[in-house]
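Trainee: Got a minute to go through a model with me? I'd like to start with how we sort residues by exposure.
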Amino acid sequence: MKKIIDTETAFNNYKKYIEGKEYLPIVKKKLEEFAKNCKINLADFIDEAVQPEPNLFTLSPQRIKELVEILNNSEYKDILAEAGEYKKLSNNAKKAAITERIAAFKELYDYFQGLYLNFSRKDYGYAYEMIKDMGLRACPYCNLNYVDAVIKEDNKSSDDNDDSNDNEHIKTEDKIVRPHLDHFYPKSKYPFFAISFYNLIPSCYECNSGLKGDDILTINPYIDDFDSMAVFDVIFSGEEDNIKNFRDTNTFDIILNPLDKETDVENYISILRLNERYYYRKDVASELLIKTNEKTKFRFDELRCTLCLQGYTDDEVDLIIYGNYIKNEDIHKRPLAKLTKDIVKRPKAHKS
């Protein structure tokens, strides 16, 4: 829900990985064969895709967006339409219905899918390292789930039986689990962006596989800041100032409201079913409403003073009291941080 901005380390390390693979000559050949077999003109796209820098793998998120729009307004869209209809067919019917263009598209897809499978492998792939370098803790789409790459690092001696100080130590990694990598522009439609850095978004299973699928969202976490586009609102059905109501989650609802009606925020909220999913986090909202109510707030102010006298910073005290971050720039660090921030800083809630 927060724009992903701290990518410099991850991007630079990714570039070194990609440069070591020397993919560009083969990519150029595959794209040229695809264009020839489909009888479409992709010369400008191919030239940009295989230039030294930036290229297909390192294009900026804005440039990827522009290229997708160009492709969607070219003959490529006809191939996508044909491939979409082909995909709907039963397995028995597909063999008879395959065309030269469908065969060319399948061949292109298979090549880039192979690149992605290698990229995402535990043993010699790079997905774990990329996600770790990005430093995201919470899903940038929903802020509901963690998206950590869990890697256990060990320093082992090259000879475990040798206790000498001269013994060389080898750093080993045990890649345990990682989140999904969502293709913002789905590789089923734009396979050539299958391992492009700025088309890969660490995300939770619910957002990636459960809901988004092949949809293209109206808000891109590499370009847009959803946090500044919508806010959680608390709507009471009873008395707002009655603290007893805060304990009963049936007395209020939490709704994500777009701040700018001209944007496509509602479409984003709808595809990811955010209001429905946050309904099941009303217990968290209840606790925050109690902590921020005027009748209890003074007790937490006393706790704040006590902790500050012990050397705790205001940010550390906020974490202790609210159980989460409440600064705009920190909501990517923990799930439910946006909900926490919006409730803690909300204006007086209103009755429905």
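Mentor: Sure. Buried means under 20% relative accessible area, exposed means over 50%, and partly exposed is in between. Keep in mind that this is a predicted model.

Trainee: OK, so how does Ile176 count?
Mentor: Ile176 has 41% relative accessibility, so it counts as partly exposed. You'll find Ile176 in strand 2, residues 169-177.

Trainee: Which residues make the nonpolar surface patch there?
Mentor: Val150, Ile176 and Val177 make that patch, and its area is about 220 Å².

Trainee: Switching to lysines. Is Lys212 buried or exposed?
Mentor: Buried: Lys212 has a relative accessible area of 1%, and the cut-off is under 20%, so there's no doubt about the label. Lys212 belongs to helix 9, residues 205-212.

Trainee: What is the side chain of Lys212 doing for polar partners?
Mentor: One of its polar atoms lies 3.3 Å from the backbone oxygen of Phe184. Setting aside neighbours within four places in sequence, the contacts of Lys212 include Tyr141, Asp182, His183 and Ile271.

Trainee: And Lys3, where's that?
Mentor: Lys3 sits in the segment before helix 1 (8-21). With a relative accessible area of 32%, Lys3 is partly exposed.

Trainee: Which residues does Lys3 touch?
Mentor: Not counting residues up to four places away in sequence, Lys3 touches Pro221, Tyr222, Ile223, Asp224 and Asp225. A polar atom of the Lys3 side chain is 3.5 Å from the backbone oxygen of Ile223.

Trainee: How many residues apart are Lys3 and Ile331 along the chain?
Mentor: They're 328 residues apart, with their C-alpha atoms separated by 10.0 Å.

Terms used
Residues are numbered from 1 along each chain as its sequence is written. This is a predicted model: local features need pLDDT of at least 70, side-chain atom pairs count only at pLDDT 80 or more; totals for chains, interfaces and linings use all residues. Side-chain values use heavy atoms; hydrogens and water are left out. Helices (H or I, at least four residues) and strands (E, at least two) are DSSP runs, numbered from the N terminus. Buried means under 20% relative accessible area, exposed over 50%, partly exposed in between (1.4 Å probe, protein chains only). A polar contact is a pair of N or O atoms within 3.5 Å; within protein, one must be able to donate a hydrogen and the other to accept it, and residues adjacent in sequence count only if both atoms are side-chain atoms. Contact means heavy atoms within 4.5 Å. Patches are made of residues with over 30% relative accessible area and no salt bridge: like charges are joined within 9 Å, nonpolar side chains (Val, Leu, Ile, Met, Phe, Trp, Tyr) within 5 Å. Accessible areas come from the Shrake-Rupley method with a 1.4 Å probe; for residues, only the protein chains shown count as cover. A salt bridge is a side-chain nitrogen of Lys or Arg within 4 Å of a carboxyl oxygen of Asp or Glu.
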